Protein chains: 2
Amino acid sequence: MATLKDIARALDLSITQVSRALNDHSDVNEETRLRVKATARAMNYHPNASARKLVSGRSGMVGLVVPQYRNIGQDRIFMEVVAGLSTQFSGRGMQFVLHMMAEQENALPVYQKLIGTAMLDGFVLIDPMERDPRIDFLRKAGVSFVVHGRSGKVIDYPYFDIENEQLAYDLTAHLIQRGHRRIAFLNGIADRSYVTVREQGYIRALRDGGAEVLPHLHLHGVMDEAHGLTDTIRLFSGDAPCPTAIVCGNVRLARGVYQGLEALGLSVPGDVSVVAHDDELPALRASAFFPSLTVTKSPLRDSWEPLADCLAGAIEGKPLGTLQRLGSYSFIERNSVANL
Amino acid sequence: MATLKDIARALDLSITQVSRALNDHSDVNEETRLRVKATARAMNYHPNASARKLVSGRSGMVGLVVPQYRNIGQDRIFMEVVAGLSTQFSGRGMQFVLHMMAEQENALPVYQKLIGTAMLDGFVLIDPMERDPRIDFLRKAGVSFVVHGRSGKVIDYPYFDIENEQLAYDLTAHLIQRGHRRIAFLNGIADRSYVTVREQGYIRALRDGGAEVLPHLHLHGVMDEAHGLTDTIRLFSGDAPCPTAIVCGNVRLARGVYQGLEALGLSVPGDVSVVAHDDELPALRASAFFPSLTVTKSPLRDSWEPLADCLAGAIEGKPLGTLQRLGSYSFIERNSVANL
DNA sequence: CGGTTTTCCCGAAACGTTTCGGAAAACATA
DNA sequence: TATGTTTTCCGAAACGTTTCGGGAAAACCG
């Protein structure tokens with residue numbers, strides 16, 4: 001492998017000047033810079049990431065740490081995350097790598113070790129918990145990171161998030177405006193922070209609309225078809241008054257809900273109205289539902305670029321203000337809601 | 001982060017001796033070694049991978065490079081690979097990282113760059129082509145690697161593979177022995193090396209059994225349910241004589257074949273016999289088919305350990321002989337084959 | 001023409017580790 | 001006592017890069 005020394009020797013320059021030329025420093029002659037870059041390309045030079053990291057603290061590698069879990073093979077969304085972030089960081093000349101933890105392994109020691117060996121410049125955190133220990137840990141360790149979502153009261157770290165509170169409010173308020181009063185909410189796994197935040201929006205909308213908050217209508221779980229189906233059947237099988245509308249945390253849940261309602265002999269939107277939030281996962285189009293599904297839409301794939309932006313910025317030491325970004329969503333009314 | 005210097009100062013030793021103690025070299029007093037290791041643990045020391053790599057050429061990181069493709073989210077098998085290899089290398093104190101290439105990106109420059117930056121000690125190669133340029137490239141570059149499968153005539157590299165030729169022979173021969181003569185083979189994507197090798201086993205079995213080789217009965221494609229279904233319908237819809245039995249490259253294909261045969265009003269095994277090779281992917285049990293499926297079985301998950309063994313060995317410079325391993329498979333007869 | 005600035009360059013140090021070549025001390029051998 | 005041998009240790013060099021502090025030459029200014 002060609003090194004700076006090789007290039008320097010070939011051009012009769014100092015190693016210093018070659019390095020400065022390649023890194024576009026100011027005090028190098030334009031003509032020299034071009035000559036250096038040309039020979040570097042010709043000699044197929046790639047800077048040794050270890051050497052660079054050792055002295056400058058930058059290796060150009062960032063990582064994502066994820067737990068391994070039983071049905072990871074089935075998880076469609078996960079590969080989207082990896083593919084999206086890979087592409088984004090590649091485009092910035094950085095390397096994105098995935099590190100998978102053992103199933104019940106504690107995350108903190110894993111980060112500890114990765115930080116200790118000092119190979120990575122920063123981390124992307126996904127699925128933050130309500131009070132996520134990883135955030136405190138990385139902050140204390142002084143490592144750059146960006147969170148997909150937000151967690152905790154004091155938010156003094158880079159993040160990209162969408163307005164989950166308002167989005168849940170909008171979906172619920174839309175149903176209230178159409179005359180619904182008993183509105184169920186199929187939410188995600190309880191300790192995720194976005195789940196808590198969406199719950200707040202749901203409750204605020206109910207209060208604002210003068211509707212009663214009925215705890216048995218608010219359900220938590222993995223947001224897939226199976227849970228949509230079983231939760232729907234559960235909602236309509238007890239003694240408690242049944243909902244007239246259902247808010248779904250994502251479109252997979254909604255698909256399960258449609259199946260469940262069909263199994264129960266209930267029609268959408270005649271008997272029950274359904275709305276959902278749409279992450280626009282591939283092969284899952286809310287517009288192709290029958291009847292087509294009313295949603296708030298904010299494509300998950302729109303988040304990779306801001307996330308990469310924020311992390312790259314954090315590594316370069318940009319001020320916090322520029323590293324906190326909120327994505328937008330749109331409300332798309334279709335045919336899954338009826339007036340009551 | 002604690003460094004060797006910190007430990008050396010704390011114990012009033014030289015950096016050299018601390019390093020040697022931690023790496024279990026011979027010329028360090030047993031008592032010193034213990035003291036060093038204890039304080040290292042206490043100070044939460046992790047060797048800086050960059051510094052280590054720079055001088056010794058080892059960072060303890062190995063990687064897998066995969067192309068990104070459209071339906072990667074649907075690919076159940078892929079996450080199994082990542083999870084399995086991650087676990088294996090973690091257990092050896094090594095880091096396994098995944099690097100995803102852009103969709104149509106050429107693999108060689110990606111390896112070129114990864115080798116140039118010199119962060120990784122070696123690579124795992126999966127899905128080798130019949131003559132795979134990556135193998136030549138990595139060999140020329142002098143980097144350690146291990147191949148899941150084999151490719152080319154001269155096999156002078158570490159690999160783990162199963163006897164794909166014999167396995168296809170066994171499946172086909174089993175059908176021939178039961179009296180079948182027109183046997184279809186739903187194989188994988190044409191340029192994969194295991195696909196070619198399985199074809200050879202299939203043809204050898206046909207020849208040995210005195211059955212004619214009918215090209216229209218040998219189909220190639222992605223090995224999923226959809227192709228199993230469409231290929232089955234294609235096999236039974238032309239003018240050419242229909243097969244009485246089908247060999248499937250994996251169990252997903254077989255599932256599609258079952259669906260296709262049902263759609264055509266044909267029964268298994270009454271009208272058509274079906275056999276397959278079973279990688280034992282999760283949530284896809286050949287024994288739960290109706291009728292239960294006769295297979296050759298060799299669980300994919302059994303390959304991660306030998307693969308990791310071989311790569312770790314190659315990095316340590318072990319001789320080639322010990323780095324070439326063949327996995328076994330078993331023949332499991334069930335209820336999907338009838339005598340003719 | 002003396003002084004100041006600008007332009008372009010370089011040597012040397014530093015990052016944290018491994019490893020080479022010794023070297024002091026303790027011990028055994030002749 | 002002199003001579004090897006083993007045990008245990010250490011200084012210094014090296015890996016390839018970035019960066020600090022300076023410095024020579026040219027250009028500019030009054």
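These legends describe close-up views of a predicted model.

**View 1. Overall dimensions and secondary structure of chain A.** Chain A holds 12 helices and 12 strands. Along the principal axes, its C-alpha atoms fill a box of roughly 85 × 35 × 35 Å. Chain A has 340 residues, of which 51% count as buried.

**View 2. Protein surface near DNA strand C.** There are 23 residues around DNA strand C, and A:Ser14, A:Asp27, B:Leu4, B:Ser19 and B:Tyr45 come nearest. Of the atoms of DNA strand C that come within 4 Å of the protein, 57% belong to sugar and phosphate. Both protein chains take part: α2 (15–22) and α4 (49–56) of chain A, and α2 (15–22) and α4 (49–56) of chain B, each supply at least two residues of this surface. Which helix gives the most to the surface near DNA strand C? That is α4(B), with 4 residues. By residue class, the surface near DNA strand C divides into 10 nonpolar, 11 polar and 2 charged residues.

**View 3. Polar contacts to DNA strand C.** Two contacts shown here involve phosphate oxygens of DNA strand C, one with A:Ser14 and one with B:Ser19. For A:Ser14 the protein partner is a backbone N or O atom, at 3.0 Å. For B:Ser19 the protein partner is an N or O atom in the side chain, at 2.6 Å. A further contact involves a base: an N or O atom in the side chain of B:Thr16 is 3.2 Å from a base oxygen of DNA strand C.

**View 4. Protein surface near DNA strand D.** Around DNA strand D there are 23 residues, with A:Leu4, A:Ser19, A:Tyr45, B:Ser14 and B:Asp27 coming nearest. Sugar and phosphate make up 56% of the atoms of DNA strand D that come within 4 Å of the protein. Helices α2 and α4 of chain A and α2 and α4 of chain B each supply at least two residues of the surface near this strand. The most is given by α4(A), with 4 residues. The residues of the surface near DNA strand D comprise 10 nonpolar, 11 polar and 2 charged.

**View 5. Contacts to the bases of DNA strand D.** A base nitrogen of DNA strand D lies 3.3 Å from a backbone N or O atom of A:Ala51. On chain B, an N or O atom in the side chain of B:Asp27 is 2.7 Å from a base nitrogen of DNA strand D. B:Thr16 places a polar side-chain atom 3.1 Å from a base oxygen of DNA strand D. B:Thr16 also has a side-chain contact with a base oxygen of DNA strand C, at 3.2 Å.

**View 6. Nonpolar surface patch formed by both chains.** A:Leu54, A:Val55, B:Leu54 and B:Val55 make a nonpolar surface patch of about 420 Å². Helix α4 of chain A and helix α4 of chain B each supply at least two residues of the patch. B:Val55 is found in α4 of chain B. B:Val55 counts as exposed because its relative accessibility is 73%, and the cut-off for exposed is over 50%.

**View 7. A:Glu262 and A:Pro299.** A:Glu262 is found in helix α11 (residues 251–263) of chain A. Its relative accessibility is 63%, so A:Glu262 counts as exposed. From A:Glu262 to A:Pro299 the separation is 37 residues in sequence and 28 Å in space, C-alpha to C-alpha.

**View 8. Cis peptide bonds in chain B.** Most peptide bonds are trans. B:Val268 and B:Pro269 are joined by a cis peptide bond with omega about 0°. B:Pro269 sits in the loop between α11 (251–263) and β9 (273–278) of chain B. Another cis peptide bond joins B:Phe290 and B:Pro291, with omega about -5°. The loop between β9 and β10 (294–297) of chain B contains B:Pro291.

**View 9. Positive phi angles between β9 and β10 of chain B.** Most residues other than glycine have a negative phi. B:Glu280, not a glycine, has a positive phi of about 55° and lies in the loop between β9 and β10 of chain B. B:Ala283, also not a glycine, has a positive phi of about 60°, and B:Ala283 lies in the loop between β9 and β10 as well. Are these residues buried or exposed? B:Glu280 is partly exposed, with a relative accessible area of 24%, whereas B:Ala283 counts as exposed at 52% relative accessibility.

Key. Residues numbered from 1 in each chain as written. Chains lettered and ligands numbered in written order. Predicted model: local features only at pLDDT ≥ 70, side-chain atom pairs only at ≥ 80, totals over all residues. Heavy atoms only, no water. Near = heavy atom within 4 Å. Polar contact = N/O pair within 3.5 Å; in protein donor to acceptor, adjacent residues only side chain to side chain. Nonpolar A, V, L, I, M, F, W, Y, C, P; charged D, E, K, R; others polar. Patch = residues over 30% accessible without salt bridge, like charges linked within 9 Å, V, L, I, M, F, W, Y side chains within 5 Å. Areas by Shrake-Rupley, 256 points an atom, 1.4 Å probe, with all protein chains shown as cover. Salt bridge = Lys/Arg side-chain N within 4 Å of Asp/Glu carboxyl O. Buried < 20%, exposed > 50% of the residue type's maximum accessible area, 1.4 Å probe, protein only.
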